[in-house]
Amino acid sequence: MPEMRFSQSVSARLDGGVLVVTINNPPVNVLSAHVRAGLIAALDHAADAPNIVGLVISGTGRAFIGGADIKEFGKPPVVPMLPQVIDRIEAFEKPTICAVNGVALGGGCEVVLACHGRIAGEAASFGLPEVKLGIVPGAGGTQRLPRLIGTVAAIDLIGTGRAVKAGEAVALGLADAVAADPLAAAVTAVRDNAGGALRRTGNIDVPAADPEAVSAAEAKVIARSRGQSAPAEAVRLVKAAAGLSLEQGLAEERATFLRLRDSEESAALRHVFFAERAAGKVEALADIAPRPIETVGIVGTGLMGSGIAVSALTSGYRVIALEQTPEAAESGRERIAGILDKAVQSRRMTAEGREACLARLEATAEIKALETTDLVVEAVFDDLSVKTELFRRLDGIVAPGAILATNTSYLNPDAIATATADPSRVVGLHFFSPANVMRLVEVVDCARTAPEVLASVLAFVKRLGKLAIICGVTEGFIGNRVFSAYRREAEFMLEDGALPQEIDAALEGYGISYGHLRRQRHGRPRNRMGAPQAACRNARPRRALCRDR
């Protein structure tokens with residue numbers, strides 16, 4: 001049967017009585033008006049066709065549905081609105097199963113929740129990250145998710161905005177199964193459910209929850225969201241789901257969504273969202289093909305090196321971790337395994353995933369083991385002589401096409417590059433500690449860094465799931481320069497008579513994770529992105545020199 005087209009981005013084909021609906025709205029299949037209209041048209045067609053027993057909803061590429069179309073915010077609404085589409089899916093009389101081939105975020109996850117069954121592909125991930133934009137889910141996420149996975153887990157996911165991979169989604173109850181071919185499995189599921197009772201999420205009672213566990217989950221979210229109102233509102237709505245009818249909960253959620261959407265906080269966070277997207281696009285590198293990177297060498301397995309190693313391992317890379325002695329190498333391996341163990345304990349990784357990561361890890365004291373690496377990241381003591389000597393040794397060991405990256409936080413990478421025979425393959429990759437958690441990575445474009453080297457490390461950082469920001473060789477790069485400015489002003493306020501706890505309260509109320517006094521209490525002072533204050537050599541000019549600030 002020929003392909004049916006329901007809008008410019010929604011098409012379908014018939015597979016033995018199952019209408020397989022495909023969303024194709026690149027790059028990430030956002031829920032633009034024509035996507036919403038196409039889904040409604042497909043449902044209308046299936047409802048009126050006696051030969052169609054049910055539907056499968058899927059996406060093209062690496063995304064199922066990447067969320068709402070943020071560009072529509074602030075513009076006149078275009079029907080059908082997303083809540084209408086989702087209500088129609090949930091109430092549909094024929095089984096509607098989603099085949100989640102990739103990311104299902106925001107509105108995409110809300111579509112998933114409305115379906116009668118959910119099959120995840122091995123690369124699938126699910127999340128409701130609206131709080132990161134200063135809003136809450138607006139199409140039923142806060143009301144349907146707790147019905148599927150419980151109040152405590154829903155508070156965690158919605159309040160933090162974190163995404164879960166396929167294995168964790170199944171463990172939570174968000175997905176029904178993981179399949180190598182989710183589309184085929186979803187078609188089978190539709191046929192199996194045809195004519196039977198359908199499991200509508202909105203009709204499920206919210207499971208009873210331990211009040212202490214709910215309070216603990218709420219406290220954890222609130223503690224992480226200083227200066228932001230959306231996380232607290234999201235928690236309130238999730239908790240309300242247990243005591244309200246679905247209709248009442250949806251009305252309260254929608255009203256909260258609209259109020260927050262029109263706030264200055266949300267406008268500012270949307271600006272940050274688009275700024276981050278723009279930062280990852282470098283026009284000069286548009287036609288540059290990155291070099292393939294499969295094996296990553298990490299020199300040094302302390303706090304920073306082990307974090308970088310975990311990030312690479314969990315992203316599918318093979319890692320060779322180098323230390324000075326066999327004993328240190330074994331300790332490094334144990335440190336990396338410990339981080340992975342914590343991920344398993346927190347259900348962010350399966351035990352099988354941990355074993356797969358460790359199988360790709362080699363910890364050694366033999367520098368020649370780095371011969372097979374495509375990229376080497378040094379995470380050794382931040383001393384120029386130590387780093388330059390290391391790069392001299394690496395220069396004669398790694399392949400000519402391998403990339404050498406320094407993780408220095410304030411040394412001059414150009415000086416390190418001159419220690420090599422080919423400075424064009426040297427670049428800065430400044431992670432923030434702990435590297436497996438912190439999202440920002442400063443990619444330092446050195447004086448002689450080749451364009452393909454820059455393109456390659458940008459692709460590497462993107463695969464790690466981190467935000468790469470390109471900067472030049474400057475004192476403190478970007479993060480430490482920002483930190484030095486707000487630390488300087490905080491110290492001026494102290495000199496003007498403000499109490500330390502008052503300054504901390506102002507900083508934390510603005511959204512900074514820790515004020516300066518709290519950093520002192522928690523050990524070595526660090527900036528918001530994890531960099532040590534010692535890196536900011538010129539952070540505090542004398543007051544007498546800055547009267548005109």
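Biologist: Let's start with a proline: where does Pro 434 lie?

Modeller: Keep in mind that this is a predicted model. Pro 434 is joined to Ser 433 by a cis peptide bond, with omega about -5°. As for its place, Pro 434 sits in the loop between strand 17 (426-431) and strand 18 (440-444).

Biologist: Which residue does a cis peptide bond join to Pro 26?

Modeller: Most peptide bonds are trans. Here, though, the bond is cis, with omega about 10°. The partner lies in the loop between strand 3 (18-23) and helix 1. That partner of Pro 26 is Pro 27.

Biologist: What is the phi of Asn 29, roughly?

Modeller: Asn 29 is in the loop between strand 3 and helix 1. It is buried, with a relative accessible area of 1%. Most residues other than glycine have a negative phi. Asn 29 is not a glycine, yet its phi is positive, at about 60°.

Biologist: And Phe 477, is it buried or exposed?

Modeller: Phe 477 belongs to the loop between strand 19 (467-471) and helix 18 (479-495). Its phi is positive too, near 55°. The relative accessible area of Phe 477 is 2%, and the cut-off for buried is under 20%, so the residue counts as buried.

Biologist: On to charges: how many salt bridges does a search of the whole structure find?

Modeller: One of them joins the side chains of Asp 44 and Arg 88, at 2.7 Å from N to O. Asp 44 is in helix 1 (residues 33-48) and Arg 88 in helix 2, so this pair ties together parts 44 residues apart in sequence. For the whole structure, the search gives 25.

Biologist: Which residue forms a salt bridge with Asp 87?

Modeller: The closest N and O atoms of this pair are 3.2 Å apart. The two residues link distant parts of the chain, with Asp 87 in helix 2 and its partner in helix 4 (residues 141-149), 57 residues apart. Asp 87 is partly exposed at 35% relative accessibility, whereas the partner is buried at 1%. That partner is Arg 144.

Biologist: Glu 253 is buried yet has no salt bridge, so how far away is the nearest side chain of opposite charge?

Modeller: Glu 253 lies in helix 10 (residues 246-261). Its side chain does reach the backbone nitrogen of Ala 139, at 3.3 Å. A salt bridge needs the atoms within 4 Å. The nearest side chain of opposite charge belongs to Arg 144, and its distance from Glu 253 is 6.5 Å.

Biologist: Which residue pairs with Arg 354 in a salt bridge?

Modeller: Arg 354 is in helix 14 (residues 351-359) and its partner in helix 13 (residues 326-345), so the pair ties together parts 13 residues apart in sequence. Arg 354 is buried at 18% relative accessibility, while the partner is partly exposed at 28%. With the closest N and O atoms 2.3 Å apart, the partner is Asp 341.

Biologist: Is Lys 71 buried or exposed?

Modeller: Lys 71 gathers with Lys 75, Arg 277 and Lys 281 in a patch of positive charge on the surface. Its place is the loop between strand 5 (63-65) and helix 2 (82-91). Exposed means over 50% relative accessible area. Lys 71 has 56%, so it counts as exposed.

Terms used:
Residues are numbered from 1 along each chain as its sequence is written. This is a predicted model: local features need pLDDT of at least 70, side-chain atom pairs count only at pLDDT 80 or more; totals for chains, interfaces and linings use all residues. Side-chain values use heavy atoms; hydrogens and water are left out. Patches are made of residues with over 30% relative accessible area and no salt bridge: like charges are joined within 9 Å, nonpolar side chains (Val, Leu, Ile, Met, Phe, Trp, Tyr) within 5 Å. Accessible areas come from the Shrake-Rupley method with a 1.4 Å probe; for residues, only the protein chains shown count as cover. Lys and Arg count as positive and Asp and Glu as negative; His and the chain ends are not counted. The place of a charge is taken as NZ of Lys, CZ of Arg, CG of Asp or CD of Glu. Helices (H or I, at least four residues) and strands (E, at least two) are DSSP runs, numbered from the N terminus. Buried means under 20% relative accessible area, exposed over 50%, partly exposed in between (1.4 Å probe, protein chains only). A polar contact is a pair of N or O atoms within 3.5 Å; within protein, one must be able to donate a hydrogen and the other to accept it, and residues adjacent in sequence count only if both atoms are side-chain atoms.
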